[in-house]
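Student: I have a model open and want a quick tour. Can you walk me through it?

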Amino acid sequence: VILGVGAEPNVELAAAAGLAIDNGIAVDALLASSDPMIAAIGDCASFPFGHDGLQTRLESVQNAVDQAKCLARRLAGRPEPYVALPWFWSDQYDHQLQVAGEPALGEVTAQRDLGEGASITFYLDEARRLVGMSAWGPAARLVKEAKLARLLVERGGVADPAALADPAVKLKSLLAPSALPSTPTPCAA
């Protein structure tokens, strides 16, 4: 039996260099550490995240790639704060799990049945703003709809739970500029 419970960032070198440590190498919104000449990205970096701005590490490939793009922009003289939309996925044989946004902030859920054992659950806050989604099912049935759902979460607009749950309402139609107000996401790559 192998049991893996979380991960600990290896921060000994950073701590010895005098960098601030807070569940990883603490960085600001521009991914600079407590020494502005040193940046940290990826699994070892904790950055201000979400509505509460708590230092958070996101251990995912997508986060590391997005942070690298954001840091490259800063180094090229176009600094923008890193605003993360967490996105995780896992392939389980012929099925896939995808999670985007912050489902824990959801007060209301809307579940969309995609057929063939696939579904998407949308999470909305008390103001009916779309804050997260999770999707599960056969990968071949799920990928396109999950991508559209993730784009909806990126926009973060107010949504009608009934429309989100109704398979007759095309998710692509909800992406129209008039369907959900767009929230700019700097450096979300």
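Student: Which residue follows α2, and what is the sign of its phi?

Tutor: Gly77 follows α2, and its phi is positive, near 90°. Bear in mind that this is a predicted model: local features need pLDDT of at least 70, side-chain atom pairs count only at pLDDT 80 or more, and totals for chains, interfaces and linings use all residues. Residues are numbered from 1 along each chain as its sequence is written, and side-chain values use heavy atoms, with hydrogens and water left out.

Student: How are helices and strands picked?

Tutor: They are DSSP runs, numbered from the N terminus: H or I over at least four residues for a helix, E over at least two for a strand.

Student: What span should α2 have, and how far apart are its end C-alpha atoms?

Tutor: Helix α2 has 15 residues, 61–75, and should span 21 Å at 1.5 Å a residue. The expected span is 1.5 Å times one less than the number of residues. The end C-alpha atoms are 21 Å apart, which agrees.

Student: Which residues of α2 are buried?

Tutor: Asn63, Asp66, Gln67, Cys70 and Leu71. They sit on the same side of α2, because they cover an arc of only 135° around the axis. That arc is taken from the directions from the helix axis to the C-beta atoms. Buried means under 20% relative accessible area, exposed over 50%, partly exposed in between, with a 1.4 Å probe and protein chains only.

Student: Why would residues a few places apart point the same way?

Tutor: An α-helix has 3.6 residues a turn, so residues three or four places apart point the same way.

Student: What do the buried residues of α2 pack against, and which residues are exposed on the other side?

Tutor: The buried ones pack against β2 (45–49). Val61 and Leu75 are exposed on the other side of α2.

Student: Switching to Ser60. Where is it found? Is it buried or exposed?

Tutor: Ser60 is in the loop between β3 (54–56) and α2. Ser60 is buried, because its relative accessible area is 11%. It touches Asp43, Trp87 and Phe88, not counting residues up to four places away in sequence. Contact means heavy atoms within 4.5 Å.

Student: How many salt bridges does the structure hold?

Tutor: Two. A salt bridge here is a side-chain nitrogen of Lys or Arg within 4 Å of a carboxyl oxygen of Asp or Glu. Glu59 meets Arg57 at 2.7 Å, N to O. Arg129 meets Asp125 at 3.3 Å, N to O.

Student: Which of Glu59 and Arg57 is buried?

Tutor: Arg57 is buried at 13% relative accessible area. Glu59 counts as partly exposed at 38%.

Student: Now the sheet. What is the strand order?

Tutor: β4-β5-β8-β7-β6, five strands in an open sheet with antiparallel pairing. β4 and β6 (108–115) stand at the edges with a single partner strand each, so one side of each has no neighbour in the sheet. Two strands pair if DSSP finds at least two bridges between them.

Student: What links β4 and β5?

Tutor: They form a hairpin with two residues between them, and Tyr93 in the turn has a positive phi of about 60°. Strands β4 (87–92) and β5 (95–101) pair over six bridges. Trp89 stands opposite Gln98 in β5.

Student: And how many bridges join β5 to β8?

Tutor: Seven, with the strands antiparallel. Leu97 has Trp136 in β8 as its bridge partner.
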